[in-house]
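Visitor: Please take a close look at how the charged side chains pair in this model. Then follow the surrounding parts of the chain as far as they help to place what you find.

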Amino acid sequence: MAANPHLLNRPQHNLTLARRDRLMPDESVKVHIDLPNHWAIGGEAMWAKPLGSNRFQLENVPFYAYDLNIGDVVEAIAESPELIPSVRRVLERSGHRTLRVFFNELPRERCEAYLGTLREHRVSYERATARYVALDLEP
């Protein structure tokens, strides 16, 4: 039987590296969004800051969940105590935008060079794989 991706199984670390340029504090939690019609994956978990009353602020760039961006405030509800909260809707938009890039046949050094040029334009990124990257465009 396959493991349930919604189950909360977070390692106990003081800090978790969630973005290349900042550390996530201990109080961050995972939230999950179901993606039943996505071509590559059935759902995605993201780090979020609990704001109370089932409200969470997303703390990393989504790789697969479209129409969500870092900094967005979402409503997320856990169906039971052993499950992580599941995103129901976006409550507030952060103004950030997310783009995804797939580097098909470029060597990693060239990919890094291209990505490095984006910093001056207030664009940061996270890697899902060596070739699949999510870009965060600041407002």
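Guide: E79 counts as exposed, at 57% relative accessibility (exposed is over 50% relative accessible area, buried under 20%, partly exposed in between, with a 1.4 Å probe and protein chains only). Its partner in a salt bridge is R88, with the closest N and O atoms 2.0 Å apart (a Lys or Arg side-chain nitrogen within 4 Å of an Asp or Glu carboxyl oxygen). R88 itself is partly exposed, its relative accessible area being 40%. Elsewhere, D67, D72 and R93 are joined into one network by salt bridges that share partners.

The model is predicted, so local features need pLDDT of at least 70 and side-chain atom pairs count only at pLDDT 80 or more, while totals for chains, interfaces and linings use all residues. Residues are numbered from 1 along each chain as its sequence is written, and side-chain values use heavy atoms, without hydrogens and water.

The network can be taken one pair at a time. In the pair of R93 and D67, the closest N and O atoms are 3.1 Å apart. This contact links distant parts of the chain: R93 sits in the loop between β7 (86–92) and β8 (97–102), D67 in the loop between β5 (55–58) and β6 (73–77), and 26 residues separate the two. Strands (E, at least two residues) and helices (H or I, at least four) are DSSP runs, numbered from the N terminus. D67 is exposed, at 55% relative accessibility. R93, at 43%, counts as partly exposed.

The second pair of the network brings the side chains of D72 and R93 together in a salt bridge of 3.6 Å, N to O. Here too distant parts of the chain are linked, since D72 belongs to the loop between β5 and β6 and R93 to the loop between β7 and β8, 21 residues apart. D72 is buried, with a relative accessible area of 0%. R93 therefore has one partner that is exposed, D67, and one that is buried, D72. In total, the structure holds eight salt bridges.

The loop between β5 and β6 supplies other residues worth following. Y66 lies in this loop and is partly exposed, at 47% relative accessible area. Leaving aside residues up to four places away in sequence, Y66 touches H38, W39 and R100 (contact means heavy atoms within 4.5 Å). The C-alpha atoms of Y66 and H38 are separated by 9.6 Å, with their positions 28 residues apart along the chain.

Aromatic rings are the next feature of this loop. The whole structure contains two aromatic pairs, where Phe, Tyr and Trp (six-membered) rings pair if their centres lie within 6.5 Å, with planes under 30 degrees apart counted as stacked, over 60 as edge-to-face and the rest as tilted. In the pair of F63 and Y132, the ring centres are 6.4 Å apart and the planes stand at 45°, so the pair is tilted. F63 lies in the loop between β5 and β6 and Y132 in strand β10, so this pair ties together parts 69 residues apart in sequence. Both residues are buried: F63 at 12% relative accessibility, Y132 at 10%. Together with Y64, F63 and Y132 form a cluster linked by ring pairs.

Strand β10 leads on to the sheet. Three strands form an open, antiparallel sheet in the order β8-β10-β9; strands pair if DSSP finds at least two bridges between them. At the edges stand β8 and β9 (123–127), each with a single partner strand, so one side of each has no neighbour in the sheet. β8 pairs with β10 (residues 132–137) in the antiparallel sense over six bridges. Within this pairing, T98 stands opposite D136 in β10. Helix α1 (residues 108–116) packs on the sheet and touches β9 and β10.

As for the whole protein, its secondary structure comes to one helix and ten strands, and along the sequence the pattern is β-β-β-β-β-β-β-β-α-β-β. Of its 139 residues, 38% count as buried. Among contacts with a separation of 6 or more, 42% are between residues 24 or more positions apart.

How values were computed: Axes fitted to C-alpha atoms, helices over the stretch in contact; angles between N-to-C directions.
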